[in-house]
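Hi everyone, thanks for coming along. I'd like to walk you through one structure today, starting with the overall picture and then stopping at a few places in it.

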Amino acid sequence: MRLSRFHLATLKEVPADAEIASHRLMLRTGMIRKLAAGIYTWLPLGLRVLRKVEAIVREEMNRAGAQEVLASMVVPAELWQESGRYNKYGPELLRLKDRHQRDFVLGPTHEEVVTDLVRRDIKSYRQLPLNLYQIQTKFRDEIRPRFGVMRGREFLMKDSYSFHLDDADLEREYQNMRATYSRIFQRIGVDFRIVRADTGAIGGDRSEEFQVLAQSGEDQLAVSDSSDYAANIEVAETRPTGTRAAANSTLEKVATPTQKTCEEVAALLEIPLDTTLKLIVVRAREGAPGDRKLVGLALRGDHTLNAVKAAKHPRVAAPLTLATEEEIRAVFGTEPGFLGPVGANVPVVADHAAAALADFVCGANEAGFHLTGANWGRDAADPETADLRNVVEGDPSPGGKGKLRLVRGIEVGQIFQNGPLYTKALGVTVLDEGGREITPTAGCYGIGVTRTVGAVIEQCHDDAGIIWPEAIAPWRVAICMINPKNDATVSAAAESLYADLGAKGIDVVLDDRGLRPGAMFADIELIGIPHRIVVSERGLKAGTFEYRARRDTESRQLSREEVFELLG
């Protein structure tokens, strides 16, 4: 490829609406252009990268034994109604009608579509297991699309769905996909972690995420410093902290006229924040034991409630819903900010760390007052305990080895064991060896192809621009000519090198735009080409080319033979 014939639309200025590095650099390099909020046109430079990521994904999925299909992005609404997700998924599901007023959705994911395909085509145990995948455009109507392709509304996704006769075979394919995803991200060339995850809107019993490590990542991850334990903070576990200390203080009521938060109370009383306790009142699950359809969740003052964990507790309504001020006043007789477990007339579930507190400070269930010296078992009933909080830096690793540290990551892939969730809802059955009808079990596996491009940039960039891993760079090598119009030998040498590298199958671009060296080198660094070779009059006289890798700080002189040896 010659850059003089290539639509390279780089920008000098940083776009005002770009908040993170990948968004800024994808706009500056001319990889993408905004069409509407969260919707982008991929320009030639960006599409070269996107297609390389897509090719790696396709090669590895084929290698793993999956079969490629292509379903419609437009999906009849009745399939989503049949699965029960039409109303549950929320406003991110874009709903529309055709000219006949029939309901459709733009597919954000395709569990229903592929399950329906299996329902129609698969009748016998002999046809299973089966893993079908596609690489296709998806649409999720994000309430606030941001960060370019990292949180867009329209995106390219690889989604696959496997169907099995039993859970053992599902586990085998789950591990197959886990290994396949690892190969994909290893080939792409990023530092990633596999972490335990919540199943979220997809549903099912088990899930893991593939997270590219980056400081700008939206997800917080907990990883052990001494083992392979890693989990999204949504599901990272905490354990009981041991035996509770004996009560040493008497219960006293103290005035806290305007202090409603644990931080404010701790500052007023000049005590450590971790000796305070907060009571968060939420709606109870329908039919759960307890009065007035509310339940109190007790946490240590320095800890944060984990909404995902709390919503899975059998006493708590899902989705997690905070009690209104009116509900709290009706049950507690006081306003929020002064609530505590002493005398509370709702069931109380305490986080493990909160249950281990002795002589703690909590709300007095009276406006303007808190209690000091409170103790479980003496002043408040011993609570039911559960893991309800976010882990914090330094917590013991759940695996028993080392401590947890918190890092940030960008989710680029996720794998699920759905079980019979969708096959049962859509009435899928096959005949087993004995001629009996059984419901297959299933898994699903997704990779955000466009998101992967953005995540790589977040991990691989510097002040000058992108630093592409070689496997997905738009070109592996850039040849830059210095003053070719003034010296025909420069042009001839560059053309010869360009032709010979291309003949060896090396993905090479020739910068023949005639720019000054500074502007030319800045563009090549900005778009992140891994290898740069400069052809100049001075170098040719010395019989060398100037070579610099994108991550290098200094150039070196190589002979023609050394260039070919280096680049393979």
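I'll begin with the whole chain, then turn to two helix stories, some salt bridges and one asparagine.

First, please keep in mind that what you see is a predicted model. The protein chain has 568 residues, and 53% of them are buried. The chain holds 16 helices and 30 strands. Its C-alpha trace spans about 95 × 70 × 50 Å along the principal axes. How much of the contact list comes from residues 24 or more positions apart? Taking contacts with a separation of 6 or more, such pairs account for 69%.

Now, let's look at helix H9, which covers residues 325-332. Which residues of H9 are buried? They are Ile328, Val331 and Phe332. These three sit on the same side of H9, because they cover an arc of only 80° around the axis. And what do the buried residues of H9 pack against? Their partners are two strands, S14 (277-283) and S15 (294-300). If you turn the helix around, the face pointing away from the buried side carries Glu326 and Ala330, which are exposed. Then, just after H9, you reach glycine 333, with a positive phi of about 75°.

Next, a pair of helices. Helix H1 (residues 21-28) and helix H12 (residues 449-459) have axes that come within 8 Å and cross at roughly 105°. An angle from 65 to 115 degrees counts as roughly perpendicular, so H1 is roughly perpendicular to H12. Who meets whom here? On the H1 side we have Ala21, Ser22, His23, Leu25 and Met26, and on the H12 side they meet Val453, Gly454, Ile457 and Glu458.

On to the charged side chains. How many salt bridges are there? The count comes to 50, and I'll show you just a few. One of them joins arginine 119 and glutamate 82, whose closest N and O atoms are 2.6 Å apart. That pair links distant parts of the chain, with arginine 119 in helix H5 (residues 111-121), glutamate 82 in helix H3 (residues 77-83), and their positions 37 residues apart. Is glutamate 82 buried, exposed or partly exposed? Its relative accessible area is 35%, so glutamate 82 is partly exposed.

Another salt bridge pairs aspartate 98 with arginine 102, at 2.9 Å between the closest N and O atoms. Arginine 102 counts as partly exposed because its relative accessibility is 47%. Further along, arginine 476 and glutamate 470 meet in a salt bridge at 2.6 Å, N to O. Both partners are partly exposed here: arginine 476 has a relative accessible area of 21%, and glutamate 470 has 37%.

There is also a network for you to find on the screen. Salt bridges link Glu59, Glu60, Arg63, Arg183 and Arg187.

Last stop: asparagine 418. Where is asparagine 418? You'll find it in strand S20, which runs over residues 404-419. Buried means under 20% relative accessible area, so asparagine 418, at 4%, counts as buried. What lies 3.3 Å from a polar atom of the asparagine 418 side chain? That is the backbone nitrogen of cysteine 444.

That's my tour, and I'm happy to go back to any of these places with you.

Note on methods
Residues numbered from 1 in each chain as written. Heavy atoms only, no water. Helix = DSSP H or I, 4+ residues; strand = E, 2+ residues; numbered from the N terminus. Buried < 20%, exposed > 50% of the residue type's maximum accessible area, 1.4 Å probe, protein only. Polar contact = N/O pair within 3.5 Å; in protein donor to acceptor, adjacent residues only side chain to side chain. Salt bridge = Lys/Arg side-chain N within 4 Å of Asp/Glu carboxyl O. Arc of directions from axis to C-beta. Contact = heavy atoms within 4.5 Å. Axes fitted to C-alpha atoms, helices over the stretch in contact; angles between N-to-C directions. Parallel < 35°, antiparallel > 145°, perpendicular 65-115°, else oblique.
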